[in-house]
Amino acid sequence: MKLSKLFAGQYELHTTVDGYEVRVEASYGEMMRGFNVAYFINDELIFSDGFTGMTLYIIKQGLESNVEEAIEEYKK
């Protein structure tokens with residue numbers, strides 16, 4: 001899984017995992033000086049996170065496991 005750059009500070013992932021449509025959006029927040037990330041399964045927001053100093057590297061490191069967790073949460 002890989003995030004694609006849309007434009008400066010904005011990244012997105014669209015994929016299908018086990019029949020579920022997965023969308024991940026990551027964007028840089030100038031006010032916080034860190035990234036926000038949101039995980040959607042079948043166009044339903046499952047969870048989002050963001051904090052001062054959150055980097056794209058942190059998001060990429062947990063991307064696959066967070067997508068799996070989001071799918072499990074969606075199933076509930």
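Which residues have the most contacts inside the largest nonpolar core, and how many residues does this core have? Before making any selection, keep in mind that the structure on screen is a predicted model. The largest nonpolar core has 20 residues, and those with the most contacts inside it are Leu 3, Val 24 and Val 67, so these three make a sensible opening selection, shown as side chains.

**First stop: the core and helix 1**

With Leu 3, Val 24 and Val 67 displayed, colour the elements that give two or more residues to this core, namely strand 2 (10-17), strand 3 (20-29), strand 4 (34-41) and helix 1 (56-75). The largest share of the core comes from helix 1, which supplies six residues. Next, centre the view on Val 67 and show its neighbours: leaving aside residues up to four places away in sequence, Val 67 touches Met 1, Val 17, Val 22, Val 24 and Tyr 39.

**Second stop: Arg 23 in strand 3**

Now select Arg 23, which lies in strand 3. Is Arg 23 buried or exposed? Its relative accessibility is 17%, and because buried means under 20% relative accessible area, Arg 23 counts as buried. If the residues around Arg 23 are displayed, again without those up to four places away in sequence, the ones it touches are Glu 12, Leu 13, His 14, Ala 38, Tyr 39, Phe 40 and Asp 43. For a sense of distance across the model, draw a line from the C-alpha atom of Arg 23 to that of Leu 63: the two residues are 40 residues apart along the chain, and these atoms are separated by 11 Å.

**Third stop: the salt bridges of Arg 23**

Keep Arg 23 on screen and add Glu 25 and Asp 43. Arg 23 forms a salt bridge with Glu 25, in which the closest N and O atoms are 2.9 Å apart, and the side chains of these two residues are also listed as making a polar contact of 2.9 Å. The side chains of Asp 43 and Arg 23 likewise meet in a salt bridge, at 2.9 Å from N to O. Because Asp 43 lies in the loop between strand 4 and strand 5 while Arg 23 lies in strand 3, this pair ties together parts that are 20 residues apart in sequence. The surroundings of the acidic partners can be compared by switching on a surface: Glu 25 is partly exposed, with a relative accessible area of 25%, whereas Asp 43, at 65% relative accessibility, counts as exposed.

**Fourth stop: the end of helix 1**

A search of the whole structure finds four salt bridges, and one of them can be seen by selecting Lys 75 together with Glu 72, where the closest N and O atoms are 3.3 Å apart. Lys 75 and Glu 72 are three residues apart in helix 1, so they are separated by about one helical turn. Both side chains can be viewed against the surface, since Lys 75 is partly exposed, with a relative accessible area of 48%, and Glu 72 is partly exposed as well, with a relative accessible area of 45%. Looking back at the previous stop, salt bridges that share partners join Arg 23, Glu 25 and Asp 43 into one network.

**Fifth stop: a nonpolar patch on the surface**

Select Phe 51, Tyr 57 and Ile 58 and show them as a surface, for together they make a nonpolar surface patch of about 320 Å². Tyr 57 has its place in helix 1, the element that also gives the largest share of the core. The relative accessible area of Tyr 57 is 58%, so this residue is exposed.

**Last stop: two loop residues with positive phi**

Where in the chain is Asp 18 found? Select it in the loop between strand 2 and strand 3 and inspect its backbone, where phi is positive, at about 50 degrees, although Asp 18 is not a glycine. Asp 18 is exposed, with a relative accessible area of 70%. Then move to Asn 42, in the loop between strand 4 and strand 5 (44-50), whose phi is near 50 degrees, again a positive value in a residue other than glycine. Asn 42 is partly exposed, with a relative accessible area of 31%, and the loop that holds Asn 42 is also where Asp 43, the partner of Arg 23, lies.

Notes
Residues are numbered from 1 along each chain as its sequence is written. This is a predicted model: local features need pLDDT of at least 70, side-chain atom pairs count only at pLDDT 80 or more; totals for chains, interfaces and linings use all residues. Side-chain values use heavy atoms; hydrogens and water are left out. A nonpolar core is a set of buried Ala, Val, Leu, Ile, Met, Phe, Trp, Tyr and Cys residues joined through side-chain atoms within 4.5 Å. Buried means under 20% relative accessible area, exposed over 50%, partly exposed in between (1.4 Å probe, protein chains only). Helices (H or I, at least four residues) and strands (E, at least two) are DSSP runs, numbered from the N terminus. Contact means heavy atoms within 4.5 Å. A polar contact is a pair of N or O atoms within 3.5 Å; within protein, one must be able to donate a hydrogen and the other to accept it, and residues adjacent in sequence count only if both atoms are side-chain atoms. Patches are made of residues with over 30% relative accessible area and no salt bridge: like charges are joined within 9 Å, nonpolar side chains (Val, Leu, Ile, Met, Phe, Trp, Tyr) within 5 Å. Accessible areas come from the Shrake-Rupley method with a 1.4 Å probe; for residues, only the protein chains shown count as cover.
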